[in-house]
Amino acid sequence: MTESMARQKQFEELLDTYKSLIVKVCYIYSSPQATVDDLYQEVAANLWTGLSHFRGDAKVSTWIYRTAINTCITWVRRNRHASLNTSLDGAMTIADDTAEGIERERRFKMLHDMIADLLPIEKAIVTMWLDDKPYSDIAAVTGLSVANVATRLHRIKEKLSKRANTQEQ
Amino acid sequence: MSENNLDDIRREWQSLSADTKKLAEANRILVARLAAEKATSKQQNLRRQYRIFAVVSFLLLPVLAYTGLYKILEAPLWMCLLYTAGGIFFGVADLCFVRMIGSVDYIGLPTCEAVAHASRMILWQARLRAIGIAVAAVIVAPLFVFMYRMGKPDVLIGGIAGLVIGAVLGTLKYNSMRRMARRMLADLES
């Protein structure tokens, strides 16, 4: 196996292992201007570029979170990449046809809408919190202190609760 | 949605998994394209794009000014030089932007730093747009007057209307970019 093929294989395995993490980050940052499709491709391109520089000082998941979040934050619409043959907008099995599935979809849509107005850093924190990441990991990705992450998260939760109450009224 | 509900939704969120079939297909295409170097990052694309803009600004405006204005329309030489100066200004601005994009690895930085850099770049770009509109107005205004004197008043009217609309839209965009960047920077400073 040539070196480039080995790299390709390694990358495919990496994408396969962390696909849910990447799609979730892309879903949180998606908007009408930046679809999950667009963001996913950009994250993959940046992971591919960064793979050769990744020395393993940090955890792989931390590196992937940082790459995915920073990519989504600094994403700008210019020329579209040639699009994938497969649309990823439904890449997460959020809903099924059951009443429970429809209700779940509604709640995630509501969560997405509430998060949409948050600042980029707040979105990063909430994304990792939703995935149950420890404060130390959130701090490593964002560059904030652990105490700052805790304070910000408390404020974000209050903000989200308030917004949800307003929406429900 | 109370804090308990947030925790519920969080538990549901964690149980979500990606559609393996869809992603396997997408990943296969993506990896093949990346390996063939057909897909590049936005940062690389943006740099390439602005390099092309710079070359076009350096070459196109002076050439158009010389052939179109000076030779065909017989406009005064100073107008031709004004366009050349405009081309140099826009070309230099584009090259500065290329340098600015390339100077930072936005992806490898801690998110706070990436946001701070991105916000500063948005502010810089917004300022440059505002200056660009003013420079464009200065270089096109004499052309409108020149056309008016040549017996084409419609060009002057259309030009003024275009300038006013452009200035209004540019100011709105400038303000929204500035507001967004300042909000992000203020949040980081807090």
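The exercises below, each with a worked solution, concern a predicted model.

**Exercise 1.** State how confident the predictor is in chain B, and give the scores of the model.

*Solution.* Begin with chain B, where the pLDDT averages 83, and then note that 94% of its residues score at least 70. Next turn to the model, for which the ipTM is 0.79 and the pTM is 0.77. As a caution for reading such values, predicted coordinates should not be read in detail where pLDDT is low.

**Exercise 2.** Find the domains of chain B and describe the contact between them.

*Solution.* First locate the bounds: domain 1 of chain B covers 41-103, and domain 2 of chain B covers 110-190. The C-alpha centres of these two domains of chain B lie 17 Å apart. Then count the participants, taking residues as in contact when their C-beta atoms lie within 7 Å: nine residues come from domain 1 of chain B and nine residues from domain 2 of chain B. Finally, sort by class the side of domain 1 of chain B that touches domain 2 of chain B, which gives eight nonpolar residues, one polar residue and no charged residues.

**Exercise 3.** Work out which secondary structure makes up chain A, and how its residues are buried and in contact.

*Solution.* Start with the elements, since a count for chain A yields seven helices and zero strands, and reading along the sequence gives the pattern α-α-α-α-α-α-α. Proceed to burial, where 40% of the 169 residues of chain A count as buried. Last, consider the contacts in chain A with a separation of 6 or more, of which 61% are accounted for by residues 24 or more positions apart.

Terms used: Residues are numbered from 1 along each chain as its sequence is written. Chains are lettered from A and ligands numbered from 1 in the order in which they are written. This is a predicted model: local features need pLDDT of at least 70, side-chain atom pairs count only at pLDDT 80 or more; totals for chains, interfaces and linings use all residues. pLDDT is the predictor's confidence in each residue, from 0 to 100. Domain bounds come from an automatic or database domain assignment. Two residues are in contact if their C-beta atoms, placed from the backbone, lie within 7 Å. Ala, Val, Leu, Ile, Met, Phe, Trp, Tyr, Cys and Pro count as nonpolar, Asp, Glu, Lys and Arg as charged, and the others, Gly among them, as polar. Helices (H or I, at least four residues) and strands (E, at least two) are DSSP runs, numbered from the N terminus. A residue is buried if 20 or more other C-beta atoms lie within 10 Å of its own, exposed if 12 or fewer, and partly exposed in between; C-beta atoms are placed from the backbone.
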